[in-house]
Structure formats: structure tokens, C-alpha cells
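Please look over the sequence and the model before reading on. The report after them goes from the chain as a whole to single residues.

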Amino acid sequence: MPTITVENGSNVANANSYASVATLGTYASDRGFAIPSTTTEKEVALLRAAEYLEARRSEYQGEKTYEDQALQWPRSEVVIDGMEFADDAIPVELIKAQCQLVVEMHAGVPLYPKARSTAGEGFVTEKTVGPLTKRFNGVGAGAISSTKPIKIASVESLLSPLMGCSALKTVRV
């Protein structure tokens, strides 16, 4: 059985989640969402959701607060709604996003695209037409493959305040 170790902003050793099983239960119950029924299933889903959030590391504002921290948050130099966010805290938006990811997974929404052929057959790695032969690298012709997380609208709306942007940052002096 997996063990959830929640990061609270103080650089918790071996942290692997931003939300606890209890937090997930409250989030889902308050909104009428279905989630896995057993504690083990909830823990596995929280770990998968945390991995999704970690895969988005290059999109977040700021930088890790502690050099040796297990997860991407807490972060320093983060501004949420025009105010500097504490570098020793976890944003509620991130916790809600992790819980929403569990809800989405439970509803059957994939977090990552799966390699598939658009032709309905196996992957084509070589195709010959008359005297011409074309070889394809990787997954082949007509295939879709990616290791980047799928962007899910309900999760994106929660994460958007935490993401970096190309706009200029105003600093008061």
C-alpha cells in the first residue's frame, strides 16, 4: 500500500503529495464528485495526480524554495492575484488541482496521451509506393504520441494563477 507524505511548505522529507486522503475526500464530497472508494485507490490516484503536477515544473512561476525539496512546491518569487505568495506555503489552488485531477482520472479522463495510430492499424515504420520507400523514425506515420500532460480545463483554471507568464513583473521600490 502506498504511503502519502504531504508537503506543507516546510520541506517535508520524502513528500510525494500536496493533498491528503482526507483533503481529497472533503474536496470531492463538498462538490458531489465521485472518487475511488478505497484508501489505497485514493492514495494511488493522489500519487499519479502529484506526478502530473510535477511534470508541469517548467510552467510554474518562481523557483524551488529549498535546494533539496522533494516536490516543486513550495516556491519563491511567486505572485498570486498581484500579491507575493509566501515561499514556505503551498497554494490552495495547487491542492485543489491535485484533487480535481483525481476526480478527472476517476471519470476516465487520461492525464497523458497514449501513442495511437490514426489509421486504425499498427504503427507504420516503413512505407513503399512503387520505387519509393519512406522510413519513419519513432512511432511512425499517422501516429500521435506525447509525453507532455494533457491540459484539462477544470485543472487549468485552478493552476493558471501559479503559472509563469511572459508579461513584465511590477516591483515596488
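What follows is a report on a predicted model, arranged by topic.

## The chain as a whole

The model is a predicted one, and its chain has four helices and eight strands. Read from the N terminus on, these elements run α-α-β-β-β-β-α-β-β-β-β-α.

Of the 173 residues in the chain, 34% are buried. The accessible surface of the chain comes to about 10400 Å², and carbon and sulfur atoms account for 52% of that area. When contacts in the chain between residues at least 6 apart in sequence are considered, 61% of them join residues at least 24 apart.

## A network of salt bridges

Side chains of opposite charge can pair when their charged atoms come close. The structure holds three salt bridges. One of them is formed by E156 and R56, whose closest N and O atoms are 2.7 Å apart. Because E156 lies in helix α4 while R56 lies in the loop between α2 (39-55) and β1 (63-64), this pair ties together parts that are 100 residues apart in sequence. Both residues of the pair, E156 and R56, are buried, and for R56 the relative accessible area is 1%.

R56 also forms a salt bridge with E59, again with 2.7 Å between the closest N and O atoms. E59 is partly exposed, since its relative accessible area is 25%, whereas R56 counts as buried. A further salt bridge joins E59 to K151, and here the closest N and O atoms are 3.4 Å apart. E59 lies in the loop between α2 and β1 and K151 in the loop between β8 and α4, so this pair ties together parts that are 92 residues apart in sequence. K151 counts as exposed, because its relative accessibility is 53%. Through the partners that these salt bridges share, R56, E59, K151 and E156 are joined into one network.

## A patch of negative charge

On the surface, E63, E77, E84, D87 and D88 gather in a patch of negative charge. One of these residues, E77, is placed in the loop between β2 (75-76) and β3 (78-80).

## An exposed lysine in the loop before α4

K148 is found in the loop between β8 (143-144) and α4 (153-159). Is K148 buried or exposed? With a relative accessible area of 61%, K148 is exposed, because a residue counts as exposed when this value is over 50%.

K148 nevertheless has partners from elsewhere in the sequence: leaving aside its neighbours within four places, K148 is in contact with Y112 and P113. The C-alpha atoms of K148 and P113 are separated by 7.8 Å, although the two residues are 35 residues apart along the chain.

## The segment before α1

I4 is placed in the segment before α1 (21-31). Its relative accessibility is 17%, so I4 counts as buried, the limit for that class being under 20%. If residues up to four places away in sequence are not counted, I4 touches N16, S17, A19, S20, E43, L46 and L47. With V44, which is 40 residues away along the chain, I4 has a C-alpha separation of 8.8 Å.

The segment before α1 also holds N11 and N14, and the backbone angles of these two residues deserve a look. N11 has a positive phi of about 65° although it is not a glycine, and N14, likewise not a glycine, has a positive phi of about 60°. As for its surroundings, N14 is exposed, with a relative accessible area of 66%.

## A cis peptide bond

Most residues other than glycine have a negative phi, and most peptide bonds are trans. Which peptide bond is cis, with omega near 15°? The bond in question runs from W73 to P74, and P74 itself is placed in the loop between β1 and β2.

How values were computed:
Residues are numbered from 1 along each chain as its sequence is written. This is a predicted model: local features need pLDDT of at least 70, side-chain atom pairs count only at pLDDT 80 or more; totals for chains, interfaces and linings use all residues. Side-chain values use heavy atoms; hydrogens and water are left out. Patches are made of residues with over 30% relative accessible area and no salt bridge: like charges are joined within 9 Å, nonpolar side chains (Val, Leu, Ile, Met, Phe, Trp, Tyr) within 5 Å. Accessible areas come from the Shrake-Rupley method with a 1.4 Å probe; for residues, only the protein chains shown count as cover. A salt bridge is a side-chain nitrogen of Lys or Arg within 4 Å of a carboxyl oxygen of Asp or Glu. Lys and Arg count as positive and Asp and Glu as negative; His and the chain ends are not counted. The place of a charge is taken as NZ of Lys, CZ of Arg, CG of Asp or CD of Glu. Buried means under 20% relative accessible area, exposed over 50%, partly exposed in between (1.4 Å probe, protein chains only). Contact means heavy atoms within 4.5 Å.
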